[in-house]
Amino acid sequence: MELMYQSTRGGEKNVTASLAILKGLAKDGGLFMPTRIPMLDISMKQLAGKTYQETAYEVMKLFFTDFTEDELKNCINKAYDSKFDTEEIAPLTKADGMYFLELYHGSTIAFKDMALSILPHLMTTAAKKNHVKNEIVILTATSGDTGKAALAGFADVDGTRIIVFYPKGGVSRIQELQMVTQTGDNTSVVAIHGNFDDAQTGVKEIFNDKVFAQRLEEKGFQLSSANSINIGRLVPQIVYYVYAYAKLLENQEIEDGEKINITVPTGNFGNILAAYFAKQMGVPIGKLICASNDNKVLYDFFTTGTYDKNREFILTNSPSMDILISSNLERLIYLSAGCNSDVNKKLMEELSKDGRYTVTEEMSKNMKDFCGGYATEAENAAVIRKLFKDTGYVIDTHTGVAAAVYQEYKKETGDTQKTVIASTASPYKFSRSVMEAISSDDSLEHLDEFEIVDRLHKISGMDIPQAVEEIRSAAVRHNMECDKDQMKETVARILDC
Ligand SMILES: *Cc1c(COP(=O)(O)O)cnc(C)c1O
């Protein structure tokens, strides 16, 4: 039976998976949701022993029902290949009683590769299916990692262009170098004078501008999104939670049916929402622990029921989580309201008008699988240091937030269920902060980024990823900047329309 998609704000219904992927965002500003979350039609026991690619097919076929088996397998095989530095694609490492699900073995060394390696293939397949003649322009706001992963995925893909906006001064030096050295004639990278929320809001405004869409249409362009608001990103992220459970079972770390917790370092709420979808599909998952840094808007939301973005935006050492408007939370709000788009729409209007909203007690109850926590910069550094000292295992600063929050959760609740921690970036991507945490060397501030990379290699013994080696000497190809209210004009200039 075909699974259809609808907007969380009620303005679009009966949309096929391929069209939902092409559009990215619904025309009423809502996010696409399937009319139901399908159950896995294969047992976890049967999944144990399957490859990542096979697992991906078992999950994606249930959501992308208007893709043929060949189309889907073709997309999967092109995405999860030797771009990843391990055949396992997403290996699990046990350290200090925690299971780290390493999602950073793709070409840009952050978890965004897990979905953005496949999104361009899903999108070009969807374009063919729907006889799209226009060139597809991917507009992306990034807090650092999505930008590079999307650039790498879409570079030189026929029929597409990609424009990435990142907050100037709001990303790590390695992240910035990765983006501004991107090759490919169809790629553009723009630094905006503002923070990630400004970039994301600007992109959403461009999407909602009907007059601009018409102007683009006349020039043969149509917009789509590579942000996690696109259902074509969310679904591929479900795969690794299913895979992780099957792997734990296969390795006899858990019994069949035993519940596990998942802890996710959270920003835009995409990754943890994918874990929730995995739970809804039948994976035995207990708590979903939502870990925030000092921008703890989600922690406050889960503890009080009020979402309030009216607060200072704090720049931290986990910049990919420096976000005050977590877009994907809208999908959970919609689900918790019993898929009532009117309730959701009203709350989202309050958010855009007053910057805050409060959910009902009933809705809070429907979200009780989630619990929020946050870690300060000092707590983050302490857990990275301790883990390295005790086990020799190095994690990045985002994973550090998750580990610190999990340790605190365990202490407070006494919940000893086995827990998977989403390990979202290679420590090399945030070498400076990681080195500051694990070494007592106080000369770090005088060293450049690559000298720090070499020191991290020396003390950790971890191989330096190709993604870091290749930017050591790569030429800077992008130097465009713009004010946060000039994003539309900048897009028009890039597309010459
Ligand atoms: C994007 C990102 C996050 C946050 O993920 P969301 O899906 O936005 O919640 C966490 N860590 C890293 C390294 C990231 O790149």
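A cavity, as I use the word today, is a set of grid points, taken over the protein atoms alone, where a 1.4 Å probe fits but cannot get out. A molecule sits in a cavity if more than half of its atoms lie within 2 Å of those grid points. With that in place: the model is a predicted one, and its ligand sits in the largest cavity.

Let me start with the ligand, then move to three loop residues.

Which residues come nearest to the ligand? There are 15 residues around it, and the nearest are Lys112, Asp145, Gly267, Asn268 and Asn271. By type, the shell divides into five nonpolar, eight polar and two charged residues.

Now the polar contacts. An N or O atom in the side chain of Lys112 is 2.6 Å from an oxygen atom of the ligand. Gly267 contributes through its backbone, with an N or O atom 2.7 Å from a ligand oxygen. Gly270 also uses a backbone N or O atom, and here the distance to an oxygen atom of the ligand is 3.2 Å. As for cover, the ligand taken alone exposes 390 Å², and the protein buries 98% of that.

Next, the backbone. Most residues other than glycine have a negative phi. Two isoleucines in this model go the other way.

Ile89 has a positive phi of about 70°. Its place is the loop between helix 4, residues 69–79, and strand 3, residues 92–95. Is Ile89 buried or exposed? Its relative accessibility is 1%, and the cut-off for buried is under 20%, so Ile89 counts as buried.

The second is Ile109, with a positive phi of about 55°. This residue is found in the loop between strand 4, residues 98–102, and helix 5, residues 112–116. Ile109 counts as buried because its relative accessibility is 4%. Coming back to the ligand for a moment, Lys112, whose side chain has the 2.6 Å contact, is the residue at which helix 5 begins.

Last, Thr316. It lies in the loop between strand 11, residues 306–308, and helix 14, residues 329–336. Thr316 has 10% relative accessibility and therefore counts as buried as well. What does its side chain contact? One partner is the side chain of Asn293, in a polar contact of 3.0 Å. Another is the side chain of Asp322, in a polar contact of 2.8 Å.

To recap: the ligand is in the largest cavity, with 98% of its area buried by the protein. Ile89 and Ile109 are loop residues with positive phi. Thr316, also in a loop, pairs its side chain with those of Asn293 and Asp322.

Key
Residues are numbered from 1 along each chain as its sequence is written. This is a predicted model: local features need pLDDT of at least 70, side-chain atom pairs count only at pLDDT 80 or more; totals for chains, interfaces and linings use all residues. Side-chain values use heavy atoms; hydrogens and water are left out. A residue is near a molecule or strand if one of its heavy atoms lies within 4 Å of it. A polar contact is a pair of N or O atoms within 3.5 Å; within protein, one must be able to donate a hydrogen and the other to accept it, and residues adjacent in sequence count only if both atoms are side-chain atoms. Accessible areas come from the Shrake-Rupley method with a 1.4 Å probe; for residues, only the protein chains shown count as cover. On a 1 Å grid over the protein atoms alone, a cavity is a set of points where a 1.4 Å probe fits but cannot get out, and a pocket is an open set with protein on both sides within 12 Å along at least five of seven lines; lining residues have an atom within 4 Å of a point. Ala, Val, Leu, Ile, Met, Phe, Trp, Tyr, Cys and Pro count as nonpolar, Asp, Glu, Lys and Arg as charged, and the others, Gly among them, as polar. Helices (H or I, at least four residues) and strands (E, at least two) are DSSP runs, numbered from the N terminus. Buried means under 20% relative accessible area, exposed over 50%, partly exposed in between (1.4 Å probe, protein chains only).
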